Amino acid sequence: MSDESPRPVGVVVGGGLAGVTAALRLADAGLDVTLLEGRPRLGGLAFSFQRGDLTVDNGQHVYLRCCTGYRWFLDRIDAAHLAPLQDRLDVPVLDVGRAAGPRLGRIRRTALPVPLHLAGGLAAYPHLSLAEKAAVGRAALALGRLDPADPELDRIDFATWLRRHGQSDRAIEALWDLVGVATLNATAPDASMALAAKVFKTGLLSDPGAADIGWATVPLGDLHDTLARKALDTAGVRTELRAKVGSLARTEDGRWSVERAGERIIADTVVLAVPQTETHDLLPAGALDEPELLLDIACAPILNVHVIYDREVLRRPFFAAIGSPVQWVFDRTPSSGLKGPGQYLAVSQSAAQAEIDLPVAELRSRYLPELERLLPAARGAGIRDFFVTRERTATFAPAPGVGRLRPGPRTRLPGLQLAGAWTDTGWPATMEGAVRSGGAAADAALQDLGRPSGHPLQEAA
């Protein structure tokens, strides 16, 4: 007879980035893991779908060099080469609100030490006055002294802090919100100062290359579904799609019973990696002191407008706009499989509460003329296709006070952990936050099972 003890059994509920990360971590530590995902694919809210011959990402997703958790994830699924980083931060910013006509500026860095790496780029940035640039520099230095984990910062909004530090409306529009809306999914008045401090301090003031931008050169589904599934299979994870969990309960011997249609799995540890409302509905009594707080974590939408032109109208991979309702524009032609002449642009609109439910016809009449204003080459170009993707619950709303609502990975019930970008990672709702949450949940599970192990996610800044 073998003296080996049976391997502990782990179940992960949810196949987004948080759930896939947790499943890989548990499997790597020797657990027998099953991942249950209700959708017919992995990837959560960072996925692709087919529209005829076109492969469409539901929304544009980018990451930064400081996103060490997501970079670990890409390495783990053998996909880092498919989502390369810029050699050096360079963001074209087009201002079309000037009476004198459009003007292009750039947010760039050098290789100098922090904070000098941004000084030259700020000095050359044409969208701010000399006085505004000086005020931005002073505010950046003050921000660098903050502790994003300070609960007092979560009680105020980003705009209030910016006003206290002499930031003008123009500086907020042309710099702070330009970055903040895209990373926080909220404008400065609606964003927790704690989360804003995390974004700007980590992204701009931690390392000269921290804010270098990376994005997938293939459809997101190739990464977060196809390659993630391959990595899970190789690690020995049993992955079940279209497998919605109906209930979760303790067994008499202190283990866990996970029920889905036609199957009951008995597990030693469970990671719930689903949205906060679904987590609330599945949580057994006593798991959290105040489970109703999960329902107070609001959601914020992101809208993406997709335009297929009959010719090339943009010669850059992306740009940001000010003085325009358009926020960020990305060239998706190479990754989409677009056939024949033309170009596929995706307009990414965060904090889109005012537009998320507008009819496609109204969005078309709003954004096509605006793209022509931004891109002269689009004037007279034919429109091969125009469509919209809407994520009404794209992220949790990073409002002041949200920090006290976000639970950590541990519940009060041994063997039950929580994961998801909405949990208390210290980050806003990003791919980075999702991966970190899955790693934290897996680490908690392994510690409780007496299998603690060092891991790069624990050491990531």
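**Exercise 1. A hairpin turn**

Which residue takes a positive phi in the hairpin of strand 10 and strand 11?

*Solution.* Before we start, a word on the model: this is a predicted model, in which local features need pLDDT of at least 70 and side-chain atom pairs count only at pLDDT 80 or more, while totals for chains, interfaces and linings use all residues. Residues are numbered from 1 along each chain as its sequence is written, and side-chain values use heavy atoms, with hydrogens and water left out.

Step 1: find the strands. Helices (H or I, at least four residues) and strands (E, at least two) are DSSP runs, numbered from the N terminus. Strand 10 covers residues 245–250 and strand 11 covers residues 256–260.

Step 2: check the pairing. Two strands pair if DSSP finds at least two bridges between them. Here, 5 bridges join the antiparallel strands 10 and 11, and L248 faces V258 in strand 11.

Step 3: look at the turn. The hairpin has 5 residues between its strands, and G254 takes a positive phi near 85 degrees.

**Exercise 2. The parallel sheet**

Work out the strand order of the open sheet of 5 strands, and find its edges.

*Solution.* Step 1: the order is 9-2-1-13-19, and the pairing is parallel.

Step 2: strand 9 (238–240) and strand 19 (416–418) each have a single partner strand, so one side of each is left without a neighbour in the sheet.

Step 3: for the twist, fit axes as lines to C-alpha atoms (for helices over the stretch in contact) and take angles from 0 to 180 degrees between N-to-C directions. With direction ignored, neighbouring strands of this sheet are turned by 15 degrees against each other on average.

Step 4: zoom in on one edge. Strand 2 (residues 32–36) pairs with strand 9 in the parallel sense over 3 bridges, and L36 stands opposite E240 of strand 9.

Step 5: add the helix. Helix 12 (residues 431–448) lies across strand 13 (269–272) and strand 19, and runs at about 165 degrees to strand 19.

**Exercise 3. The mixed sheet**

Describe the open sheet of 7 strands and the helix that packs on it.

*Solution.* Step 1: the strands follow the order 7-6-15-16-17-14-18, with mixed pairing. Strand 7 (103–108) and strand 18 (383–396) are the edge strands, each pairing on one side only.

Step 2: the average turn between neighbouring strands of this sheet is 25 degrees, direction ignored.

Step 3: strand 14 (residues 299–309) and strand 18 pair in the antiparallel sense over 10 bridges, with R390 in strand 18 as the bridge partner of L303.

Step 4: helix 11 (residues 360–374) packs on the sheet, touching several strands, including strand 6 (90–95), strand 14 and strand 18 (contact means heavy atoms within 4.5 Å). The direction of helix 11 makes about 105 degrees with that of strand 18.

**Exercise 4. Cysteines**

How many disulfides does the structure hold?

*Solution.* Step 1: a disulfide is a pair of cysteine sulfur atoms within 2.5 Å. The structure holds 0 disulfides.

Step 2: take C67. The closest cysteine sulfur to that of C67 is in C66, 4.5 Å away, which is too far for a bond.

Step 3: compare accessibility, where buried means under 20% relative accessible area, exposed over 50% and partly exposed in between (1.4 Å probe, protein chains only). C67 is buried at 7%, whereas C299 counts as partly exposed at 35%.

**Exercise 5. Backbone oddities**

Locate a cis peptide bond and two positive-phi residues that are not glycines.

*Solution.* Step 1: the cis bond joins V114 and P115, with omega about -5 degrees. P115 lies in the loop between strand 7 and helix 3 (119–124).

Step 2: R242 has a positive phi of about 55 degrees. R242 sits in the loop between strand 9 and strand 10 and is exposed, with a relative accessible area of 63%.

Step 3: A351 has a positive phi of about 50 degrees. The loop between strand 17 and helix 11 holds A351, which is partly exposed at 22% relative accessible area.
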